[in-house]
Structures are given as structure tokens and as C-alpha cells.
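Trainee: I have not looked at this structure before. Could we go through it piece by piece?

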Amino acid sequence: MPPSSARSSVEHLNVLIVGAGISGIGAARYLKTELPSKSFAILEARRASGGTWDLFRYPGIRSDSDLHTFGYEFKPWRDEQSIADAPRILDYLRQAATENGIDAHVRDHHKVLGASWSSDEARWTVEVERDDTGERTTLTCGWLFCAGGYYRYDEGFTPRFEGLDRFEGPVVHPQHWPQDLDYAGKRVVVIGSGATAVTLVPSMAGTAAHVTMLQRTPTYVMPIPRADVVANALKKYLGLRRGYALSRRKNIAQQRLVWSFCRRFPKPSGDACDSFHRWPEDMDLLAGLGFTDYRFSIEWARIEPAPGEISRAAIDHYRRMIEGAHQRGLRPLVTLHHFTTPRWFAARGSWYAEDAADRLARFAEAAAPIYADGVDHLCTVNEPNIVAALLPILAQASAGAPAKGLPEQLVSTGLPEPDAHLTEALIRAHRRAVEAPTRRTCAPAGPSPSRPVKRSRARRRSPRSTAVRARMSSWRRRATTTGSASRPTPAS
Ligand SMILES: Cc1cc2nc3c(=O)[nH]c(=O)nc-3n(C[C@H](O)[C@H](O)[C@H](O)COP(=O)(O)OP(=O)(O)OC[C@H]3O[C@@H](n4cnc5c(N)ncnc54)[C@H](O)[C@@H]3O)c2cc1C
């Protein structure tokens, strides 16, 4: 606190606001309108207002909130896009400051170094440094409003990465993005999977040779369209102010709903199905109950996340599962393909593609270190007949032409006939997987066709169920004509 002799020369204001970001400008606007007689100033360390939306300049920077709720209640968001990029948000904030006569109260280059409260004098003494001249000043105020944000402006949080000093490429923090950074044709790794990474990765992907997002903990992401059609319609038909007010309420209600839902069901599916991480518990339970076998599938997308790129980490993971099963006295039974395929496989025509069988064979070969030792049986394709029956319907649906009346059909007559072309493709894939070079020395392998469950005795006796049985035997016969190593495994 300055000595009392110097007190009179110290400038005093009713309110001092620290920071001219969205919070500081908002606070100033309410002060001006609701307490117009109070004197105030905004002390801003930088030479510009806008805070976060002026500081961050990485490619693709945008909000993750909709601007109907992120924006001010007193200033309608006019833009068609409610998830907006940084320049639009900055523009909006600066307009809000100008329209409300706040610019004149902002003192740029005024960095607050500290503040102390005196109960005797009922005031704050605030130490300020001008970062352009280095000059120090003292101000006092009755109310200190901290709107300085939640992170350090001079240095974004950077964890220690072992071996960083040996890395020869540029290392960039999104908070200090060099505007001349040229990443065209470069292979980039983005560390983290939060909002910044989610924005940055797609934006860089168009220019860089390859962008990898490195994730420690999965983030929950809910996709929403950039433009809010309801909000835009409300603004169009009810006028800007009323439409904006209503959209704001709508979005606040939506967010409350999502918030309550997440609180009520913090993990909607629970982690009960997380066999990838919880396999030791699963195996312990199984062994404890006296079971002797543990069947699991190795996920193709984890082993081969991109065509021809094999993850050693995933192979080691599944190998640990095999060893874990043996340690518990369980026989592991491994499935190569259990309904899911990598996205790249789906994008290249899935099982309809000419070389689908070769792709499965390549995967079988790459995954051989997992099951080459200590696995008595391998299932190549789980329930191929179900895949052949459902894939055409799913393909139709994703092409925007959902099969009409499908739910009713499934309920009344069960699954449709498997597609003949797909049936052939899956059998070819099974054979190729069995014949893959490294497979010859491995465990016997087979597909596991499924017997669709019937709902009533009447249905079981129907001619259709005879047809289903005939198809099952046909699947087994055809799949087993591939040599002595191939035999059907028990259906799941
Ligand atoms: C890339 C990015 C995207 C984001 N997207 C969203 C989103 O979509 N939705 C959401 O709710 N939040 C988002 N956030 C969080 C966002 O920072 C806040 O929501 C909001 O912008 C914070 O505003 P603020 O005014 O409180 O702080 P800031 O924007 O951080 O502004 C603080 C101001 O205070 C100044 N200051 C700091 N210390 C001092 C000091 N000692 N003396 C003087 N001045 C000082 C700074 O220079 C700055 O101008 C995002 C953050 C980032 C980094």
C-alpha cells in the first residue's frame, strides 16, 4: 500500500476490471448500464482487446460453444454460423465494446502485478506495470473484478516430453503459432485430443502429408452442425432480438439437458463392455466361475489403423491377453473379424471390393504373432452369414435409402437371405486368411456361422427354419473345403 502522504496522488476508481476479454468487456457493459455513476477502468496487459480470441492464431481456430449462448445477452449474434471462427468472435467482441462506449475505458499495456486489500480503508491497492515503457504505477479501487482468464498468456502449459531435445523438427505450441509455419507435405503429430486438437487436426490435414492425433485419454465429443437452422429461422421470422433471445433460451435448455443427462448417466454404456482394458478382470471372473475357454476378437482397426501400417503396440496388447489367459488356466480362442472393420476398409468398398479377401489375408498375416503360439483355434470370420445378410441393408441405409419397413420385417420374418455375392466374398476371404503364409504353421482356423435364434416353436418348425439349417450346413461345407487346417469353430 502506498504511504498515506502519497495517497492523494494515487488515482482511485470505484471499479477496476483486470482484462479486456469477453468477460471484462461484458462486466464493463453492465457497469455502464446498471451503475452509470461509478467510475471504472479496464486494465489490459496486452496491446489489444479480445483476450483468447485475439491471442490464439492456430489454423482453424473456432469456438466449440454456440455463439447464442457464448455471446452476450445484450448483443444478438447475427452470423449464420453459430459455431464461429476466431476472427468473427473477435469482431463481435470489439463491436460490443465500441457500441457500448467501453473502448475509452480500456488501458492497454497495463499489466496488473498484484493487489492488496485494506479493511481499514475498504479499498484495493493495485500495482500495475506498463509493459511498453516498463513504468510502474499504483491505482486504488473499491471493487476489483478479475477477468484475467484461466491460463498464462506468456507461456502455455507445456508438459515435459522425454527426448524432445533430440527431435529435429519444429515443436509448436498452439498458443504461440508462428504465422509463417510451413507444414505443407510434412508429417505432423498433434499431442492431445481436446478442443484445440479437434479443431487443429482437420484444418492441417488438407495441407500436411499426414497428421496423427496422439491421445492419452479419450474426449467426449458431440457433433453439432455449425449453423443452427432453428436459430436462423427464429431470427428470420421473429426478428433479430426476439429470435436471438429465444435461440439463447433454447440452447441453454439444451445444454442443461445434456448436463443433467451426463450427471445422471456419467458413463451411459458403463465400462462393463470395455474388454480391451478390462480383460484381466473378465478373465479372472471367467476362471473363477470354472470356465475353461476365453474367446475374444482382435480388432482389425487397432492392428492396421491405416492400410499396411501395423501397430506393434496393438499386437503386444493382444499377445499379453493370450499370455494372461494361459496364466489363468484358460484356453484362448481368437477371432480375426467380428463384425467391425477399419474405416479405411469400409471406405474402399468393404467386402464388395475385389481385393477384400487379400486385405483380410494381409491382416491375418500381420496379426500372426498374436496367435502363432498358444492358441489352439482361430476363428477367421465371425457369423459371416449375418454379415452377408445385413451389409446390403446397412449399405443402402448409409447411402440415404433405408430399407423400407426393415424393423417390421426383422420382427416378423427374421433376417433376410444373405447376399449371394457377399457370401462368396466372405468365403474367399476366409480361405485367403487360412492360406496366408504365416497361418500355415498356426492353429486350425474356421468361420463361425450363426444360427439365427427363433422366437417360437411354430417358427422353429417352419419351412424357413429348414432353409436356415440348410444354409448353415452349406456355409460349413463350403468353408471346410479349404484344406485340413480349416474347420468351423463354434458359433457365438
Ligand atoms: C482456443 C480456445 C477456444 C475456446 N473455445 C471456447 C468455447 O467455445 N466456449 C467456451 O465457453 N470457452 C472457450 N474457451 C475458453 C475461453 O478462453 C473462455 O471461454 C473465454 O474466452 C475466456 O474469456 P475471459 O475474458 O474470461 O478470458 P480471456 O479471453 O483469457 O481474456 C483475459 C484477458 O485478461 C488479460 N490479462 C490476463 N492477466 C492480466 C493481468 N495480470 N493484467 C492485465 N490483464 C491481464 C489478458 O491479456 C486477456 O486479454 C476457449 C479457449 C481457447 C484457448
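Trainee: Which residue of β11 is the bridge partner of H337?

Mentor: This is a predicted model, and the pairing is read from its atoms. β10 and β11 pair in the parallel sense over four bridges. In β11, H337 is matched with V381.

Trainee: Which residue of β10 is the bridge partner of Y294?

Mentor: Strand β9 (residues 293-297) is joined to β10 by five bridges, and the two run parallel. Y294 has its bridge partner in β10, and that partner is P332.

Trainee: How many of the seven residues of β10 are buried?

Mentor: β10 covers residues 331-337. A residue counts as buried when its relative accessible area is under 20%. The strand is mostly covered, and the number of its residues that are buried is six.

Trainee: Where does E383 lie, and what is its phi?

Mentor: E383 sits in the loop between β11 (377-382) and α15 (384-398). Most residues other than glycine have a negative phi. E383 is a residue other than glycine, yet its phi is positive, near 45 degrees.

Trainee: Why does E383 count as buried?

Mentor: The cut-off for buried is a relative accessible area under 20%. E383 counts as buried because its relative accessibility is 11%.

Trainee: Is S350 buried or exposed?

Mentor: S350 lies in the loop between α12 (343-347) and α13 (356-366). Its relative accessible area is 12%. The limit is under 20%, so S350 is buried.

Trainee: Which residues is S350 in contact with, leaving aside its neighbours within four places in sequence?

Mentor: Contact here means heavy atoms within 4.5 Å. With the neighbours within four places in sequence set aside, the contacts of S350 are F345, A356 and L391.

Trainee: In what order do the six strands of the open sheet stand?

Mentor: The pairing in this sheet is mixed. The edge strands are β3 and β4, each of which pairs on one side only. From one edge to the other, the order is β3-β2-β1-β6-β5-β4.

Trainee: Which residue of β6 stands opposite V18?

Mentor: Strand β1 (residues 11-18) and strand β6 (residues 136-146) pair in the parallel sense, with seven bridges. Opposite V18 in β6 stands C146.

Trainee: Which residue in the turn between β5 and β6 has a positive phi?

Mentor: β5 and β6 pair in the antiparallel sense over six bridges, and V128 stands opposite T137 in β6. The two strands form a hairpin with five residues between them. In that turn, the residue with a positive phi, about 85 degrees, is G134.

Trainee: Which residue of β5 stands opposite W117?

Mentor: β4 is joined to strand β5 (residues 123-130) by eight bridges, and the two run antiparallel. Opposite W117 in β5 stands W124.

Trainee: What is the phi of H109?

Mentor: H109 lies in the loop between β3 (106-107) and β4. H109 is not a glycine, but its phi is positive, at about 60 degrees.

Trainee: Which element supplies the largest share of the shell around the ligand?

Mentor: The ligand is surrounded by 28 residues, and the closest are S23, E44, D64, S65 and Y153. By class, 14 residues of the shell are nonpolar, ten are polar and four are charged. α2 (22-34), α3 (52-55) and β4 (110-118) each supply at least two residues. The largest share, three residues, comes from β4.

Trainee: What share of the ligand surface does the protein bury?

Mentor: A polar side-chain atom of S23 lies 2.6 Å from an oxygen atom of the ligand, and a backbone N or O atom of D64 lies 2.6 Å from a ligand oxygen atom. For V112, a backbone N or O atom lies 2.9 Å from a nitrogen atom of the ligand. Taken alone the ligand exposes 980 Å², and the share of that buried by the protein is 84%.

Trainee: How much of the chain counts as buried?

Mentor: The chain has 19 helices and twelve strands. Its accessible surface comes to about 28,400 Å², and 55% of that belongs to carbon and sulfur atoms. Of its 492 residues, the share that counts as buried is 38%.

Conventions
Residues numbered from 1 in each chain as written. Predicted model: local features only at pLDDT ≥ 70, side-chain atom pairs only at ≥ 80, totals over all residues. Heavy atoms only, no water. Buried < 20%, exposed > 50% of the residue type's maximum accessible area, 1.4 Å probe, protein only. Near = heavy atom within 4 Å. Polar contact = N/O pair within 3.5 Å; in protein donor to acceptor, adjacent residues only side chain to side chain. Areas by Shrake-Rupley, 256 points an atom, 1.4 Å probe, with all protein chains shown as cover. Nonpolar A, V, L, I, M, F, W, Y, C, P; charged D, E, K, R; others polar. Pairing = 2+ DSSP bridges.
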